[in-house]
Amino acid sequence: MTGPLSYEAAGVDVPAAGRFVEMIGPIVRSTHGDAVITHPSHFAGLIRPDFPGMEDPLIAATCDGVGTKVLLASSSAHYEGLGRDLVAMNVNDLLPLGARPLLFLDYLAVGKLRPERLEAVVRGMAAACREAHCALLGGETAEMPDVYSGDDIEMAGFAAGLIDAARLPDPATIGPGDAVLGLPSTGLHANGFSLARKALLERGSFDLEAPLPGLDGTLGDTLRIPTAIYVDQVLALADDVGFKAAAHITGGGLLGRTAAMLPDGVGMRIDPDSYARPRIFALIAAAGDIEPGEMATTFNMGLGFVAIVDPDRAAQARGWLHVGEVVEGGGVDLGYASR
């Protein structure tokens with residue numbers, strides 16, 4: 001090919017990017033409350049936090065993505081679910097500090113900018129931000145045809161929240177007899193998909209779009225279920241009961257994340273009959289011949305969030321499962337796996 005080059009000829013569709021920004025404007029603004037400040041600058045968002053009663057406010061911030069779960073998306077509905085996952089993985093990571101989500105930012109990188117597909121992602125992010133009571137304050141979309149193929153997408157999110165220093169959890173106060181509470185997961189959330197895909201689709205040769213016994217819908221439907229958002233439940237626990245430590249069960253799985261909560265000298269025992277383990281985990285383990293300990297250090301195994309509270313106040317925790325207790329010694333015993 002001869003003649004002058006252009007950005008479009010290099011694979012970057014600037015008009016499509018402009019159309020995408022126009023499409024998502026109303027969706028993004030639907031997450032904005034009075035705290036968001038309108039300004040003509042397009043380089044950063046502005047927000048004035050308004051959480052009365054804080055004497056020594058601290059900012060908490062986190063960054064996360066959705067990993068190889070992106071490989072399971074093939075329709076607008078699936079991409080909307082990924083948008084929810086992206087927000088959930090970040091705002092949930094603020095909660096072990098007791099921080100209230102304030103704002104969320106996204107970064108999307110694609111091989112080919114398809115506005116309708118990305119609009120679905122933003123719709124999912126906006127819905128999740130409204131559920132988490134935070135503003136979708138801004139983001140960045142990059143079209144990079146030399147890095148990604150046409151339908152590839154990479155997603156990263158960034159969240160910030162506020163916590164009064166006086167209300168920070170103190171794991172040093174954890175002792176034997178403390179109650180361990182949990183919130184159920186909706187499934188895999190957005191962790192362990194490299195192992196899950198290897199076990200189910202390669203070793204097990206399962207069809208992603210075929211129904212399987214014990215699952216609601218197809219295997220793909222089950223794997224794509226978005227991550228639960230725990231903002232309301234965890235902040236209510238912080239307000240009504242208080243917690244000494246908490247964990248969003250992500251990388252490291254149920255064993256790794258619960259072990260990291262504990263100070264030296266104490267352990268944790270979780271009753272395997274106190275919560276439900278979705279059928280998908282048994283299918284993954286069987287298809288890949290995966291040991292229980294490996295499963296529990298990769299997946300949430302049915303508990304998406306765990307908190308440790310004073311045993312005398314555990315009964316006040318509305319909507320939480322009483323899943324175990326803190327014990328003398330060390331390590332975590334799940335009843336079927338330990339470390």
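How far is the sulfur of Cys-134 from the closest cysteine sulfur? Keep that in mind as you open the structure, which is a predicted model.

**Stop 1: two cysteines**

Select Cys-134 and show its side chain. The closest cysteine sulfur belongs to Cys-129 and is 3.9 Å away, too far for a bond. Now turn to Cys-129: its own closest cysteine sulfur is the one in Cys-134, again at 3.9 Å. A disulfide is a covalent bond between the sulfur atoms of two cysteines. To count as one here, the two sulfur atoms would have to lie within 2.5 Å, so the 3.9 Å between Cys-129 and Cys-134 does not qualify. Searching the whole structure gives zero disulfides. While you are here, switch on a surface. Cys-129 is buried, with a relative accessible area of 0%, and Cys-134 is buried too, at 3%.

**Stop 2: the largest nonpolar core**

Next, select Phe-104, Met-155, Leu-237 and Trp-320. These are the residues with the most contacts inside the largest nonpolar core, which has 59 residues. To see where the core comes from, color the elements that each give it two or more residues: helices H1 (14–29), H2, H3 (115–132) and H6 (231–240), together with strands S4, S6 (153–164), S7 (179–184) and S10 (303–309). H3 gives the most, with nine residues.

Now center the view on Trp-320 and display its surroundings. Leaving aside residues up to four places away in sequence, Trp-320 touches Leu-181, Gly-182 and Leu-183. Its other contacts are Gln-233, Val-234, Leu-237, Phe-305 and Ala-307.

Apart from the largest core lies another one, of 42 residues. To find it, select Leu-215, Tyr-275, Ile-308 and Ala-337, which are among its members.

**Stop 3: salt bridges**

Side chains of opposite charge can pair when their charged atoms come close. The whole structure holds 13 salt bridges, and a few of them make good stops.

- Select Glu-131 and Arg-84, whose side chains meet in a salt bridge at 2.6 Å, N to O. The pair links distant parts of the chain, with Glu-131 in helix H3 and Arg-84 in helix H2, 47 residues apart. Glu-131 is partly exposed at 34% relative accessibility, and Arg-84 is partly exposed at 23%.
- Move on to Asp-151 and Arg-114, where the N to O distance of the salt bridge is 3.0 Å. This pair also links distant parts of the chain, 37 residues apart: Asp-151 sits in the loop between strand S5 (135–143) and S6, and Arg-114 in the loop between S4 and H3. Arg-114 counts as partly exposed, at 35% relative accessibility.
- For a pair within one helix, select Lys-198 and Glu-202, whose closest N and O atoms are 3.2 Å apart. Both lie in helix H4 (residues 193–203), four residues apart, about one turn of the helix. Lys-198 is partly exposed, with a relative accessible area of 43%.
- Finally, select Glu-80, Glu-119 and Arg-123 together, which are linked in a network of salt bridges.

**Stop 4: a nonpolar patch on the surface**

Turn the surface back on and select Leu-58, Leu-97 and Leu-168. They form a nonpolar patch with about 220 Å² of accessible area together. Zoom in on Leu-97, in the loop between helix H2 (76–94) and strand S4 (100–110). Leu-97 is partly exposed, with a relative accessible area of 41%.

**Stop 5: Gly-18 and Pro-115**

Which residue do you find 97 places away from Gly-18 in sequence, but 9.3 Å away in space? Draw a line between the C-alpha atoms of Gly-18 and Pro-115 to see this pair. Gly-18 is in helix H1 and counts as partly exposed, at 33% relative accessibility.

**Stop 6: two backbone turns to inspect**

End the tour in two loops. Select Ser-205, in the loop between H4 and helix H5 (219–223). Ser-205 has a positive phi of about 55° although it is not a glycine, and it counts as exposed at 58% relative accessibility.

Then go to Asp-289, in the loop between helix H8 (279–288) and helix H9 (292–296). Asp-289 is not a glycine either, yet its phi is positive, at about 50°. With a relative accessible area of 66%, Asp-289 is exposed.

Definitions and conventions:
Residues numbered from 1 in each chain as written. Predicted model: local features only at pLDDT ≥ 70, side-chain atom pairs only at ≥ 80, totals over all residues. Heavy atoms only, no water. Patch = residues over 30% accessible without salt bridge, like charges linked within 9 Å, V, L, I, M, F, W, Y side chains within 5 Å. Areas by Shrake-Rupley, 256 points an atom, 1.4 Å probe, with all protein chains shown as cover. Salt bridge = Lys/Arg side-chain N within 4 Å of Asp/Glu carboxyl O. Buried < 20%, exposed > 50% of the residue type's maximum accessible area, 1.4 Å probe, protein only. Core = buried A, V, L, I, M, F, W, Y, C linked by side-chain atoms within 4.5 Å. Contact = heavy atoms within 4.5 Å.
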